[in-house]
Amino acid sequence: MTIESRLETMQNQLSNLIELLQISISSLHTKKAVANFLGKSQKTIDNYIKNESFIKGKHYFINSNGKVEFIPIAIVEFKKNPLHKIKVIEDSKEEETNIIRVSETTSNILKGVIN
């Protein structure tokens, strides 16, 4: 097999994979589909909406029927980006000393551990 024919085969396989990916991404509009894609329960998806891990207008919107509809590309990005797993914890008091601050280095280490 020549290099050209191998390259053409690889291009065809890549095209097929892209088509399959587009089909699977386009089905990420419902809570059930998003939960399956993320490997989470539908209740967790509700919690993501409630605690604003999913941002209205970015990850989802309310359709004309009043139901939550998800934005597929944002859901894929959400899965790739683990930042939603790291939260800064604040005490209910407004004193500066009660806010936990994480240095950039520590934050990068934590992100690496989560991945």
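**Exercise 1. Describe the contacts and the overall build of the protein chain in this predicted model.**

*Solution.* Among contacts between residues at least 6 apart in sequence, 38% join residues at least 24 apart. The next step is to list the elements: the protein chain has five helices and two strands. Read from the N terminus on, their order is α-α-α-β-β-α-α. Turning to burial, 20% of the 115 residues count as buried. The accessible surface comes to about 9,100 Å², and carbon and sulfur atoms account for 55% of that surface.

**Exercise 2. Determine whether His59 is buried or exposed, and identify its surroundings.**

*Solution.* Begin with position: His59 belongs to the loop between helix 3 (42-50) and strand 1 (60-62). Next, consider accessibility. The cut-off for a buried residue is under 20% relative accessible area. His59 counts as buried because its relative accessibility is 4%. Finally, examine the contacts, leaving aside neighbours within four places in sequence. His59 is then in contact with Ser53, Phe54, Phe70, Ile71, Ala74, Ile75 and Phe78.

**Exercise 3. Locate the salt bridges and state how each is placed in the chain.**

*Solution.* The structure holds two salt bridges. As background, side chains of opposite charge can pair when their charged atoms come close.

- Step 1. One salt bridge joins the side chains of Lys31 and Asp46, at 2.8 Å from N to O. This pair links distant parts of the chain, with Lys31 in helix 2 (residues 31-38) and Asp46 in helix 3, 15 residues apart.
- Step 2. Lys31 counts as partly exposed because its relative accessibility is 28%. Asp46, at 30% relative accessibility, likewise counts as partly exposed.
- Step 3. The side chains of Lys80 and Glu77 also meet in a salt bridge, at 3.7 Å from N to O. Both residues lie in helix 4 (residues 72-80), three residues apart, which is about one turn of the helix. In general, an α-helix has 3.6 residues a turn, so residues three or four places apart point the same way.
- Step 4. Lys80 is exposed, with a relative accessible area of 59%, whereas Glu77 is partly exposed at 41%.

**Exercise 4. Identify the buried residues of helix 2 and the elements against which they pack.**

*Solution.* First, select the buried residues of helix 2: Ala33, Val34, Ala35 and Leu38. Second, find their partners: these buried residues pack against helix 3, strand 2 (68-70) and helix 4. Third, inspect what follows the helix. Gly39 comes after helix 2 and has a positive phi, near 70°.

**Exercise 5. Find the residue other than glycine with a phi near 65°, and describe its setting.**

*Solution.* The general expectation is that most residues other than glycine have a negative phi. Glu52 has a positive phi, near 65°. Its place is in the loop between helix 3 and strand 1. Glu52 is exposed, since its relative accessible area is 63%.

**Exercise 6. Name the residues that make the nonpolar surface patch of about 520 Å², and place Leu20 within the chain.**

*Solution.* The patch is made by Leu14, Leu17, Ile18, Leu20 and Ile23. Leu20 lies in helix 1 (residues 3-26). The cut-off for an exposed residue is over 50% relative accessible area. Leu20 counts as exposed because its relative accessibility is 56%.

How values were computed
Residues numbered from 1 in each chain as written. Predicted model: local features only at pLDDT ≥ 70, side-chain atom pairs only at ≥ 80, totals over all residues. Heavy atoms only, no water. Helix = DSSP H or I, 4+ residues; strand = E, 2+ residues; numbered from the N terminus. Buried < 20%, exposed > 50% of the residue type's maximum accessible area, 1.4 Å probe, protein only. Contact = heavy atoms within 4.5 Å. Salt bridge = Lys/Arg side-chain N within 4 Å of Asp/Glu carboxyl O. Areas by Shrake-Rupley, 256 points an atom, 1.4 Å probe, with all protein chains shown as cover. Patch = residues over 30% accessible without salt bridge, like charges linked within 9 Å, V, L, I, M, F, W, Y side chains within 5 Å.
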